[in-house]
Amino acid sequence: MKSAKAIACSNIALIKYWGKRDPILNLPQNSSLSLTLDGMTTTTTVRWETDLPEDSVSLNGNLLTGSELAKMSGFLDLVRRQADMSLKAQVVSENNFPTAAGLASSASGFAALSLAASHAAGLNLDSRELSILARQGSGSASRSIFGGFAEWRKGDRPDGLDSYAEQLMPPEAWPEIRMLVVVLEPRPKPISSRAGMTQTLETSPMYPAWLSTLEADLTAAKKALFAHDLETLGTVAEANALKMHATMITTLPTILYWQPTTVALMHRVWELRRDGLPAWFTIDAGPNVKVLTDAAHASRLAEALGNVEGVESVLICSAGPGATLC
Ligand code: PMV
């Protein structure tokens, strides 16, 4: 029996990935940039067992079945193929935050699984190889291999070997950065990001416009990041998230992940900003809102946003570490 345990943090994109050029290999239409979040973690143990007839995967204490289990087995096949073995795996995975609610549980989940499964299989993958493996479980997971700020370069090759994330800046390089995770709906989202992306690519007339602005957004965000210019970084990130949602809203049928409280939070962030607080929001494939700010203002902002009707909780996260073995 070979086993390993790994922990990985979730990450939130400041420049978003939305749309695949290859849905099997999870190759993206555009590059993206993210912040790995301290304290929002998945911990995963993988045991490759000799006497197991099928893979067994438990997520937050529930055994997966049907298509969910098939998806995980498909991912474990990638590790089996690389390690040239046929053993089945017992996987036990726990998130310390809500699953599939636009809080990037798939990012931390597949990053932790990639590390634990490959290590237990005797593969000694470097961080680039791990990023490529994690990407095939969930695109955003390619970025959770790294701590701090990471860029997932889209790559051009059809085999995806040049589509991986790299660290732009370690967590300790910007210790004052904070992201508030404002949770209003901890339940899973009604439409997965995979399905949402496909529908957007097929039907949104705004999609080409979104893609045409991505490189400029990425360049501006990286410049702001390296200059520790929070205002420019926040401004670019907020506009980028709104553009992504504009492509979703203009699909047929429409995809609107926002709830009334999501919109109330957007207004509240703008109001607080007018009052002089550094705060910029970003929103993923779900109704929850994340707010970029700094350490000096995080508690005050968390209190103000926590008072918006419909908000269940607010977490304050700093830049977190990359995936590691425990
Ligand atoms: O990789 P997925 O399937 O978790 O998709 C992520 C999509 C967004 O969260 C909306 C954007 C991103 O870059 O993380």
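# A tour of helix contacts, a pocket and two backbone details

Begin by selecting helix α9 (residues 260-274) and helix α10 (residues 298-306), whose axes come within 10 Å and cross at roughly 140 degrees. The angle falls between 115 and 145 degrees, so α9 counts as oblique to α10. The crossing of these two helices is right-handed. Keep in mind throughout that this is a predicted model.

Show side chains at this crossing. From α9, pick Leu265, Arg268, Val269 and Leu272; from α10, pick Leu301, Ala304 and Leu305, which they meet. Colour the contact by residue class: six residues are nonpolar, none is polar and one is charged.

Next, step back along the chain to the loop between α8 (230-249) and α9, where Pro253 lies. Select Leu252 together with Pro253 and look at the peptide bond that joins them: this bond is cis, with omega about -15 degrees. Most peptide bonds are trans.

Now move to the loop between β2 (20-22) and β3 (27-28) and select Asn26. Phi of Asn26 is near 55 degrees, a positive value in a residue other than glycine. Most residues other than glycine have a negative phi.

The following stops centre on helix α1.

Select α1 (66-83) and helix α2 (residues 105-120). The axes of α1 and α2 come within 10 Å and cross at roughly 45 degrees. Since this angle lies between 35 and 65 degrees, α1 is oblique to α2. The crossing of α1 with α2 is right-handed.

To see the contact, display Lys71, Met72, Phe75, Leu76 and Val79 on the α1 side, and Phe110, Leu113, Ser114, Ala117 and Ser118 on the α2 side. By class, the contact of α1 with α2 holds seven nonpolar residues, two polar and one charged.

Keep α1 selected and add α3 (127-137). How do the axes of α1 and α3 cross? They come within 9 Å, at an angle of roughly 155 degrees. An angle over 145 degrees counts as roughly antiparallel, so that is how α1 runs to α3. This crossing, too, is right-handed.

On α1, the residues to show for this contact are Lys71, Phe75, Leu78, Val79 and Gln82; they meet Leu133, Gln136 and Gly137 in α3. The contact of α1 with α3 has four nonpolar, three polar and one charged residues. Lys71, Phe75 and Val79 of α1 appear in the contact with α3 and also in the contact with α2.

For the last stop, turn on a surface and find the second largest pocket, which holds about 200 Å³ of space. Which residues line this pocket? Select Pro23, Ile24, Leu25, Lys71, Gly74, Phe75, Leu78, Gln136, Gly137 and Arg194. The elements that give two or more residues to this lining are α1 and α3, and α1 supplies the largest share, four residues.

Colour the lining by class as well: five residues are nonpolar, three are polar and two are charged. Some of the residues from the previous stop return here: Lys71, Phe75, Leu78, Gln136 and Gly137 belong to the contact of α1 with α3 and to the lining of the second largest pocket.

Note on methods
Residues are numbered from 1 along each chain as its sequence is written. This is a predicted model: local features need pLDDT of at least 70, side-chain atom pairs count only at pLDDT 80 or more; totals for chains, interfaces and linings use all residues. Side-chain values use heavy atoms; hydrogens and water are left out. On a 1 Å grid over the protein atoms alone, a cavity is a set of points where a 1.4 Å probe fits but cannot get out, and a pocket is an open set with protein on both sides within 12 Å along at least five of seven lines; lining residues have an atom within 4 Å of a point. Grid points are joined across faces, edges and corners, and a volume is the space filled by probe spheres set on the points. Ala, Val, Leu, Ile, Met, Phe, Trp, Tyr, Cys and Pro count as nonpolar, Asp, Glu, Lys and Arg as charged, and the others, Gly among them, as polar. Axes are lines fitted to C-alpha atoms, for helices over the stretch in contact, and angles run from 0 to 180 degrees between N-to-C directions. A crossing is left-handed if the near helix is turned anticlockwise from the far one by less than a right angle, and right-handed if clockwise. Contact means heavy atoms within 4.5 Å.
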